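Open your viewer, set the cartoon view, and keep the selection box ready. We will go from stop to stop, picking out a few residues or strands each time.

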Amino acid sequence: LNRGLGMEDGALQLQELADRVQAGVFRVLVLGEFKRGKSTLINALLGANLLPANVTPTTALLTLIKYGPEVKIELIPFRGEPQQVDAEQLAQTLSLSTDEEENHRRQATYKMVEVQYPSPLCQNNVEIVDSPGLNESAMRTEITSGYIRQSDAAIFVLSATNFASLTELEYLNTHILGKGLTHIFFAINQYDRVLDDADDPAREARDLTALAEQRL
């Protein structure tokens, strides 16, 4: 019906959903504002420095990690055949350029990066998706937002140093709540930085816990 009405985007989303249900995949989207440590968190979950994680925003494309007997990295274009690359080329592809036109060209060329890795976490048809940082670029925020409906669960990464900002809470309310995604987890990253700088670490921990319960 969607295709008959010329609604190709809707038809494509339904086809992807049908394929995912048929494959029995459970997909977890890791999202959050830029420089919250999403890629670092995924590396920790996988037990390997698989994704590039730098002091500047890096993730330019959606990156899907799935189980495979050995490491295999492919760039998935919107048109044409997948292109296999190595870890160094992966870092170059995912790292944002200072030239925003180059970033737009890359995002218009490639749908996502697909990484196969022999992680026990992904062995039972679990897929983890690293996403571009929110509120860093309208185009990259839209890339992440468009993938929410294709996910079964989300891990929203927050920073303890700037916890639950207004833009983060606004995005959560606008784009996630009420959109059918019921499995939502929060990871408060960079917790050690807060405790290291605190005069009273125990009190700081209690205050942050209370703030999390209030805002989330």
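Let us start with a single side chain: does Val21 count as buried or exposed? With 61% relative accessibility, Val21 counts as exposed, where buried means under 20% relative accessible area, exposed over 50%, and partly exposed in between (1.4 Å probe, protein chains only). Before going further, note that this is a predicted model, in which local features need pLDDT of at least 70 and side-chain atom pairs count only at pLDDT 80 or more, while totals for chains, interfaces and linings use all residues. Residues are numbered from 1 along each chain as its sequence is written, and side-chain values use heavy atoms, with hydrogens and water left out.

**Stop one: helix 1.** Select residues 8-23, the helix that holds Val21. Helices (H or I, at least four residues) and strands (E, at least two) are DSSP runs, numbered from the N terminus. Now add Leu14 and Leu17: with Val21 they form a nonpolar patch on the surface, with about 290 Å² of accessible area together. Such patches are made of residues with over 30% relative accessible area and no salt bridge (a side-chain nitrogen of Lys or Arg within 4 Å of a carboxyl oxygen of Asp or Glu). Nonpolar side chains (Val, Leu, Ile, Met, Phe, Trp, Tyr) are joined within 5 Å, like charges within 9 Å. The areas come from the Shrake-Rupley method with a 1.4 Å probe, and for residues only the protein chains shown count as cover.

**Stop two: the cores.** Next, show Ile42, Leu46, Ile65 and Val113 as sticks; these have the most contacts inside the largest nonpolar core, which has 25 residues. A nonpolar core is a set of buried Ala, Val, Leu, Ile, Met, Phe, Trp, Tyr and Cys residues joined through side-chain atoms within 4.5 Å. Strand 5 supplies the largest share of this core, four residues. Centre on Leu46: leaving aside residues up to four places away in sequence, it touches Ile65, Tyr117, Ser119, Cys122 and Ile128 (contact means heavy atoms within 4.5 Å). Apart from this core lies another, of 23 residues, with Val129, Tyr147, Leu172 and Leu208 among them.

**Stop three: strand 6.** Select residues 126-130. Four of the five residues here are buried, so strand 6 is largely enclosed by the rest of the structure. Strand 1 runs parallel to strand 6, joined by five bridges, and Val28 stands opposite Ile128. Strand 2 (residues 63-67) runs antiparallel to strand 6, with three bridges; here, look for Leu64 opposite Val129. Two strands pair if DSSP finds at least two bridges between them.

Just before that strand, pick Asn125, in the loop between strand 5 and strand 6. Its phi is near 60°, a positive value in a residue other than glycine, and at 38% relative accessibility Asn125 counts as partly exposed.

**Stop four: strand 7.** How many of the seven residues of strand 7 are buried? Seven of seven are. Ala153, Ile155, Val157 and Ser159 point one way, and Ala154, Phe156 and Leu158 the other way. In a regular strand the side chains alternate between the two faces of the sheet. Strand 7 pairs in the parallel sense with strand 1 over four bridges, where Leu31 faces Phe156. Six bridges join strand 7 to strand 8 (residues 184-189), also parallel, and Ile155 has Phe185 as its bridge partner there.

**Last stop: Ala164.** Finish in the loop between strand 7 and helix 6. Ala164 has a positive phi of about 50° although it is not a glycine, and Ala164 is buried, at 2% relative accessible area.
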